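Me: Can you walk me through this structure and say what the labels rest on? I'd like each one set against its definition.

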Amino acid sequence: MTGPATLGRGFGHGKLILVGEHAVVYDQPALAAGISVGITAQATAGDGALSVPAWSLSARADDGTTVGRGLDAILKRLAARDLDFRLEAPLPARAGLGSSAAMAVAIARAAAQARGRSAADEAAAVADAEAVFHGSPSGIDAAAASLGGVGRFRRADGWQAVPVLQAMTICVGLTGRPRDTSAQVANVGRLRERTPAAGKVLALIGELCPVAEHALAVGDIDGLGRLFDVAHGLLAALRVSSPEIETLVHGARAAGAIGAKLTGAGGGGAVIALAPGHEKDVLARWRRDGFDGFLTEIAGARP
Ligand code: PMV
């Protein structure tokens, strides 16, 4: 049996913050990666319906839900209300892995391809959808989702691609608890107001960014892994860790990781670990402790 003809296809990368979460809110740089695991969209003739079987999610451009309104924003911008979309989503939602931006990029790319629209129109459609999903987002997720590779992100400068000498495998562990970015950012803000030392911790996190960038440029995986540990200690000092995050971080280290840290806002969400040669041991340890995880690649952006 043949299904409806595919009119367009698009892929959006998932995102990991390697170092700099929370500090980036205070104008420090962060390093983020568009990873190999992401979301693929397939566009067929239709009337603005979306299905994401992996998330048990269906939406329509006119249903008034958040996802429906995001979809509507993309389809309006690209004059593509006469398409349906089916998404393959191995990337988990609400874990701080940029799933909404990956979804927006995948849908906008598939729609732009189907309608012969420009990359600029596609980017505008993604920005419209991210505004629906996140209010006034920094743009880090959308840049990672559309460009891939690793980038230095600063609010004032946006995304600057950085070189990566050697592709590397990252273990991603899932706490199973959704993270709440605005609550965590507000908590850190309160801590910073009451405790001047917290401001110094944020500045120190910012200082790790150029060091991590150098480690990527020269292929120093050990150095980058150790920076993950330092970054995690600083984030824990800001009280954005959680018991599940600590179990994942300590489990990864016990299974042979060089370093591990929370990624994204914290409180829940995901943990990343660098464990060359021990990636499967890390996943097995996490599974034994009751947590899912997956492996993904980070590499330099394609020229
Ligand atoms: O929403 P997440 O989990 O990807 O985290 C965002 C990173 C923060 O620095 C905590 C917030 C921000 O707006 O940059």
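Reply: Here is a short round of questions and answers on helices, strands and the ligand. It's a predicted model, where local features need pLDDT of at least 70, side-chain atom pairs count only at pLDDT 80 or more, and totals for chains, interfaces and linings use all residues. Residues are numbered from 1 along each chain as its sequence is written, and side-chain values use heavy atoms, with hydrogens and water left out.

Me: What makes residues 181–194 a helix, and how does the reach of α5 fit what is expected?

Reply: A helix here is a DSSP run of H or I with at least four residues, while a strand is a run of E with at least two. Helix α5 has 14 residues. The expected span is 1.5 Å times one less than the number of residues. For α5 that gives 20 Å, and the helix reaches 20 Å from first C-alpha to last.

Me: Which residues of α5 are called buried?

Reply: Buried means under 20% relative accessible area, exposed over 50%, and partly exposed in between, using a 1.4 Å probe and protein chains only. In α5, Gln184, Val188 and Gly189 count as buried. Down the axis of α5 they fall within an arc of 140° (taken from the directions from the axis to the C-beta atoms), so they line one face of the helix. On the other side of α5, Ser182, Glu193 and Arg194 are exposed.

Me: What do the buried residues of α5 pack against?

Reply: They pack against α6 (196–218), where contact means heavy atoms within 4.5 Å.

Me: How do you know that β9 and β10 pair?

Reply: Two strands pair if DSSP finds at least two bridges between them. β9 (residues 259–263) and β10 (residues 270–274) have 5 bridges and run antiparallel, so they pair. One bridge puts Thr263 with Ala270 in β10. The two strands form a hairpin with 6 residues between them, and Gly264 in the turn has a positive phi of about 90°. As for cover, 5 of the 5 residues of β9 are buried.

Me: What makes Gly264 a residue around the ligand?

Reply: Near means that one of a residue's heavy atoms lies within 4 Å. Gly264 is listed around the ligand, as are Lys15, His22 and Thr181, among others.

Me: How do you know that Thr181 makes a polar contact with the ligand?

Reply: A polar contact is a pair of N or O atoms within 3.5 Å. A polar side-chain atom of Thr181 lies 2.7 Å from a ligand oxygen, so the pair qualifies. For Lys15, a side-chain N or O atom is 2.4 Å from an oxygen of the ligand.

Technical notes
Polar contact = N/O pair within 3.5 Å; in protein donor to acceptor, adjacent residues only side chain to side chain.
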